[in-house]
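Visitor: I should like to understand how the terms applied to this model are justified. Could you take me through the reasoning step by step?

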Amino acid sequence: MTGSRGTAQNGQAQDTIDLQDFLKISGVVDTGGEAKFRVQGGEVRLNGEIETRRRKKLRRGDIVEYGGEKLTVDW
């Protein structure tokens, strides 16, 4: 999965993935362009809140809602 590995303040590694990449990999959109359009258009919710930043970093356990689907971020 496309993501980045950073270091949290407590020194533990923490995996993240961009919102637009998660939408593509999950198959809820067909292309990156569609992901960009849907996110910036306010059609995607992250943990119950509208999210318009397509590069927003997601972490395991986040809940993404789009098109009537509710997806839990995990890999």
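Guide: Let us begin with a definition: a strand is a DSSP run of E with at least two residues, and strands are numbered from the N terminus. Arg45 lies in strand 3, which covers residues 45-46. Please note that the model is a predicted one.

Visitor: What is the order of elements in the protein chain?

Guide: From the N terminus the elements run β-β-α-α-β-β-β-β-β. The chain thus has two helices and seven strands.

Visitor: What makes strand 3 and strand 6 a pair?

Guide: Two strands pair if DSSP finds at least two bridges between them. Strand 3 and strand 6 have two bridges, in the antiparallel sense, so the criterion is met. Arg45 has Glu65 of strand 6 as its bridge partner. Arg45 and Glu65 are 20 residues apart in sequence, with their C-alpha atoms 5.0 Å apart in space.

Visitor: Why is Arg45 called partly exposed?

Guide: Partly exposed covers the range between buried, under 20%, and exposed, over 50%. Arg45 has a relative accessibility of 35%, so it counts as partly exposed. The side chain of Arg45 reaches the backbone oxygen of Gly48 at 2.8 Å. Apart from neighbours within four places in sequence, Arg45 is in contact with Ile50, Glu51, Ile63, Val64 and Glu65.

Visitor: Why does Glu51 count as buried?

Guide: The limit for buried is under 20%. Glu51 counts as buried because its relative accessibility is 7%. Glu51 is placed in the loop between strand 4 and strand 5. Beyond its neighbours within four places in sequence, its contacts are Leu19, Val39, Val44, Arg45, Leu46 and Lys56.

Visitor: What makes the approach of Glu51 and Arg53 a polar contact?

Guide: A polar contact needs a pair of N or O atoms within 3.5 Å, one able to donate a hydrogen and the other to accept it. The side chains of Glu51 and Arg53 are joined at 2.7 Å, so the distance lies within that limit.

Visitor: Which strands form the open sheet, and in what order?

Guide: Four strands form the open sheet in the order 4-3-6-7, with antiparallel pairing. Strand 4 and strand 7 are at the edges because each has a single partner strand, so one side of each is without a neighbour in the sheet.

Visitor: How many bridges join strand 6 and strand 7?

Guide: Strand 6 and strand 7 pair over four bridges in the antiparallel sense. Across this pairing, Tyr66 stands opposite Glu69, and Val64 stands opposite Leu71. The two strands form a hairpin with two residues between them, and Gly67 in the turn has a positive phi of about 55°.

Visitor: Which side chains of strand 6 are buried?

Guide: The side chains alternate along strand 6: Val64 and Tyr66 point to one face and are buried, whereas Ile63 and Glu65 point to the other and are not.

Visitor: Which residues touch the most other members of the largest nonpolar core?

Guide: This core has 15 residues, and those touching the most other members are Leu19, Phe22, Leu23, Val44, Leu58, Val64 and Val73. Helix 1, helix 2 and strand 6 each give two or more residues to the core, and helix 1 supplies the largest share, three residues. With residues up to four places away in sequence left out, Leu19 touches residues including Val39, Val44, Leu58 and Val64.

Technical notes. Residues are numbered from 1 along each chain as its sequence is written. This is a predicted model: local features need pLDDT of at least 70, side-chain atom pairs count only at pLDDT 80 or more; totals for chains, interfaces and linings use all residues. Side-chain values use heavy atoms; hydrogens and water are left out. A nonpolar core is a set of buried Ala, Val, Leu, Ile, Met, Phe, Trp, Tyr and Cys residues joined through side-chain atoms within 4.5 Å. Buried means under 20% relative accessible area, exposed over 50%, partly exposed in between (1.4 Å probe, protein chains only). Contact means heavy atoms within 4.5 Å.
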